[in-house]
Amino acid sequence: MANPSLTDHQRGKAPPPPPLPPPPELIEDAVTEILLRIPPDEPADLVRASLVDKRWRRVLTDPNFLRRYREFHRTPPLLGFFQNHPPADVGTMPRFVATTAASPFPQPEFGGKE
């Protein structure tokens with residue numbers, strides 16, 4: 001029968017390892033370089049990245065970062081276009097057709113009236 005007053009170390013068992021320290025935070029320059037490489041095709045990805053924490057939001061809204069982001073990606077993405085209707089629909093407005101999933105506009109149903 002084991003003596004309840006003995007510690008695990010006295011019983012010959014190894015003590016549990018100390019808890020691991022939390023991982024180091026990325027330095028701001030590394031975060032900036034990572035965020036700079038998020039493709040501009042889906043603007044929602046930048047919004048999601050800004051929700052990670054306050055530091056990332058601060059990086060993403062910094063005017064210097066935004067300037068570098070535009071320079072890095074050069075040509076802005078095509079987020080959508082306006083589709084003209086056939087001449088029979090002269091009185092209707094053109095529809096916006098999104099080319100990304102992050103469009104604030106509902107996708108039109110082709111072939112039917114809304």
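This dialogue walks through how one helix is read in a predicted model.

Biologist: Before we turn to details, how many helices and strands does the secondary structure of the protein come to, and which pattern does the protein follow along the sequence?

Modeller: The model, which is predicted, has four helices and two strands, and reading along the sequence gives the pattern α-α-α-α-β-β. The protein has 114 residues, of which 20% count as buried.

Biologist: Let us take helix α4, then; which of its residues are buried, and which are exposed on the other side?

Modeller: The general idea is that an α-helix has 3.6 residues a turn, so residues three or four places apart point the same way. In helix α4, which covers residues 63-73, the buried residues are Phe 65, Tyr 69 and His 73. Viewed down the axis of α4, these buried residues fall within an arc of 50°, so they line one face of the helix. Pro 63 and Arg 70, on the other side of α4, are exposed.

Biologist: What do the buried residues of α4 pack against?

Modeller: They pack against three other helices, namely α1 (28-36), α2 (43-50) and α3 (54-61). Tyr 69 gives a closer view of such packing: leaving aside residues up to four places away in sequence, Tyr 69 touches Leu 35, Leu 36, Ile 38, Pro 39, Pro 40 and Leu 46.

Biologist: How should I read an aromatic pair, and which rings form the one in this structure?

Modeller: In general, one looks at the distance between the ring centres and at the angle between the ring planes, where planes under 30 degrees apart count as stacked, over 60 as edge-to-face and the rest as tilted. The structure holds one aromatic pair. Its rings belong to Phe 65 and Tyr 69, with centres 5.8 Å apart and planes at 35°, so the pair is tilted. Both residues lie in helix α4, four residues apart, which is about one turn of the helix.

Biologist: Why do Phe 65 and Tyr 69 count as buried?

Modeller: Buried means under 20% relative accessible area; Phe 65 counts as buried because its value is 4%, and Tyr 69 because its value is 9%.

Biologist: Which residues make up the largest nonpolar core, and which elements give two or more residues to this core?

Modeller: The largest nonpolar core has 10 residues in all, including Phe 65 and Tyr 69 together with Val 31, Ala 49 and Trp 56. The elements that give two or more residues to this core are α1, α3 and α4.

Biologist: And what comes just after α4?

Modeller: Just after α4 comes Arg 74, which takes a positive phi of about 55°.

How values were computed:
Residues numbered from 1 in each chain as written. Predicted model: local features only at pLDDT ≥ 70, side-chain atom pairs only at ≥ 80, totals over all residues. Heavy atoms only, no water. Buried < 20%, exposed > 50% of the residue type's maximum accessible area, 1.4 Å probe, protein only. Arc of directions from axis to C-beta. Contact = heavy atoms within 4.5 Å. Phe/Tyr/Trp six-rings, centres within 6.5 Å; stacked < 30°, edge-to-face > 60°. Core = buried A, V, L, I, M, F, W, Y, C linked by side-chain atoms within 4.5 Å.
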